[in-house]
Amino acid sequence: MTSRNPRDSRLRLVRPRPLSAAPRAATQRRSQRPAPRPPEGTPPPAELARMARTGLSDAARVARWADAALGPGRDGAMPDDKGTLSDASAERAAAEMGLTPDQVRADWDTARLAGLIEVHGGSARPGWRLRAWNRDDSAVLRGWVALFDAWSLAYPEPADREPSAVAEVVSAMPQVLSFLQLSAGPVPVEQLLDLLEQRVTELRTERCEIPYGPQPEPVAQAAVEDTPLAPLLDWALHALASVGALTCADGQATLTPLGSWAVWVKLEQICVAAQSPAGNIEASAEDMLRGCAQLRPNAARAEYRAWLAARPVGSAVTELLDAARGEDALTRGLAFEALRVVGAPAEPDVRAVAEETSLRPYALLWLAVHDGHDPEDAHEVLTRAEATWLWVDTAAAVADHGEAPLLVRHLESAVQPTVPMLLDEVRAVGHPRTVQVLVALAAAHPDPALAKAVRRAAFQVHTGGS
């Protein structure tokens with residue numbers, strides 16, 4: 001997709017791939033190196049989780065208040081059907097927790113970005129991470145990384161700056177953060193500004209196009225290129241500081257331990273070595289599936305068979321479905337691939353979960369193939385909304401475990417013919433990872449106009465705007 005106008009950006013219609021093909025493709029290459037270790041000096045996971053819990057304590061407090069005060073059968077928090085707290089709810093929370101309404105709304109937004117609260121249509125409910133907050137360090141850390149990924153939404157962008165220039169800075173910041181991580185200490189902001197300007201120049205060169213025929217004076221692009229980047233870097237650093245990723249003082253920026261670890265995770269997440277098949281047989285379903293994520297399809301199926309052979313079918317199916325209910329979309333897709341190996345004995349349980357929103361598309365595809373549909377045509381049993389929900393879920397798996405080019409190519413598997421239609425329907429289905437997926441897609445896409453449209457959609461989902 002190279003159109004500079006997102007309204008004209010067409011998606012090439014292709015036959016959707018079989019269940020979980022995209023997540024599996026993200027991990028087709030089997031790494032040969034040992035699992036990487038964090039840089040020396042990185043606090044242990046338990047200490048990082050403690051830091052994350054401290055940083056997100058206010059957001060978790062508001063999420064728990066909402067769970068208790070605004071649950072089913074009580075006064076709703078979202079009368080406008082846009083996932084935002086009503087004035088009455090914000091004032092009530094402020095009074096009960098000793099905060100101001102603005103603080104409550106800010107903490108509510110943070111909780112949504114971190115996955116402590118999930119908004120579905122016009123209602124909100126506690127996220128899986130909130131349920132696991134006190135007992136699962138990995139859930140806490142993944143929640144913080146989700147907030148880190150959405151840093152550009154966590155702090156208002158400058159209203160008087162060219163939106164395309166803002167999008168360029170957002171696209172260039174990963175390199176700035178990588179430099180900060182490698183520096184392992186304070187870096188002068190002036191040095192970061194030089195790096196940012198170099199990266200933005202590279203981005204503009206990479207997308208350089210030679211038009212045919214007479215062209216109007218590129219006034220808009222000239223305005224973008226004339227936009228000073230220093231104020232935008234200042235905004236980006238303040239936004240990252242607001243989520244706890246760095247500190248900025250005395251003209252220098254320094255990554256926090258959490259920020260340094262998160263950047264390292266992003267750099268290393270596709271390089272985690274595969275576990276050997278024999279090492280997964282005695283593991284839990286979730287750990288087994290994570291181990292199989294790095295295997296090729298045939299090797300993964302052999303591992304599923306070995307794992308299933310070591311336990312009763314009934315309990316194995318239950319454990320696989322429990323793993324599928326987690327927040328990791330890749331694990332969800334792989335769980336249903338393992339259930340495909342189980343075959344007929346799994347049918348009653350799969351049919352029973354077809355009414356659960358997060359599992360329904362996977363269950364319907366599994367049942368279609370089980371009933372004799374060609375795997376290539378099984379997607380036809382899904383409604384448009386179900387297919388869109390699955391598209392977002394698969395994109396979440398690619399964003400978490402794959403590479404940026406694969407996320408961009410994932411656009412081709414959407415059933416919608418245009419990007420604006422896709423964005424409208426993605427917003428409508430209410431997937432809890434919508435904001436994170438759109439933020440990742442905007443950061444990965446080389447077309448600044450399309451990236452801008454996707455970022456706008458992410459912001460609208462985050463704020464409940466239209």
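**Helix packing, core and pocket in the predicted model**

Leu 153 touches Leu 113, Val 435, Val 439, Ala 458, Phe 459 and His 462, once residues up to four places away in sequence are set aside. The model discussed here is a predicted one. Within it, Leu 153 sits in helix α8, which covers residues 151–154. Its relative accessibility is 8%, and because buried means under 20%, Leu 153 counts as buried. One of its partners, Val 435, is 282 residues away along the chain, yet the C-alpha atoms of Leu 153 and Val 435 are separated by 9.2 Å.

Two of the residues that Leu 153 touches, Val 435 and Val 439, are also among the buried residues of helix α23. This helix runs from residue 434 to residue 444 and is mostly covered, with 8 of its 11 residues buried. Alongside those two valines, the buried set consists of Thr 434, Gln 436, Val 437, Leu 438, Leu 441 and Ala 442. As a handy reminder, an α-helix has 3.6 residues a turn, so residues three or four places apart point the same way.

A second helix worth a visit is α20, spanning residues 384–401, where Thr 388 is found. With a relative accessibility of 1%, Thr 388 counts as buried. Its side chain reaches the backbone oxygen of Arg 384 at 2.9 Å. Leaving out residues up to four places away in sequence, Thr 388 touches Gln 416, Glu 425, Val 426 and Val 429.

The largest nonpolar core holds 136 residues, and Phe 336 and Leu 339 have the most contacts inside it. Helix α20 supplies the largest share of this core, namely 10 residues.

Turning to open space, the second largest pocket contains about 1,200 Å³. It is lined by 42 residues, of which Pro 174, Ala 404, Ala 440, Ala 443 and Ala 444 are the closest to its centre. Helix α9, residues 163–183, gives the most to this lining, with 8 residues.

For the chain as a whole, 24 helices and 5 strands are present. Of its 466 residues, 50% are buried. Among contacts with a separation of 6 or more, 69% join residues 24 or more positions apart. The accessible surface comes to about 21,500 Å², and carbon and sulfur atoms account for 53% of that area.

Conventions: Residues are numbered from 1 along each chain as its sequence is written. This is a predicted model: local features need pLDDT of at least 70, side-chain atom pairs count only at pLDDT 80 or more; totals for chains, interfaces and linings use all residues. Side-chain values use heavy atoms; hydrogens and water are left out. Buried means under 20% relative accessible area, exposed over 50%, partly exposed in between (1.4 Å probe, protein chains only). Helices (H or I, at least four residues) and strands (E, at least two) are DSSP runs, numbered from the N terminus. A polar contact is a pair of N or O atoms within 3.5 Å; within protein, one must be able to donate a hydrogen and the other to accept it, and residues adjacent in sequence count only if both atoms are side-chain atoms. Contact means heavy atoms within 4.5 Å. A nonpolar core is a set of buried Ala, Val, Leu, Ile, Met, Phe, Trp, Tyr and Cys residues joined through side-chain atoms within 4.5 Å. Accessible areas come from the Shrake-Rupley method with a 1.4 Å probe; for residues, only the protein chains shown count as cover. On a 1 Å grid over the protein atoms alone, a cavity is a set of points where a 1.4 Å probe fits but cannot get out, and a pocket is an open set with protein on both sides within 12 Å along at least five of seven lines; lining residues have an atom within 4 Å of a point. Grid points are joined across faces, edges and corners, and a volume is the space filled by probe spheres set on the points.
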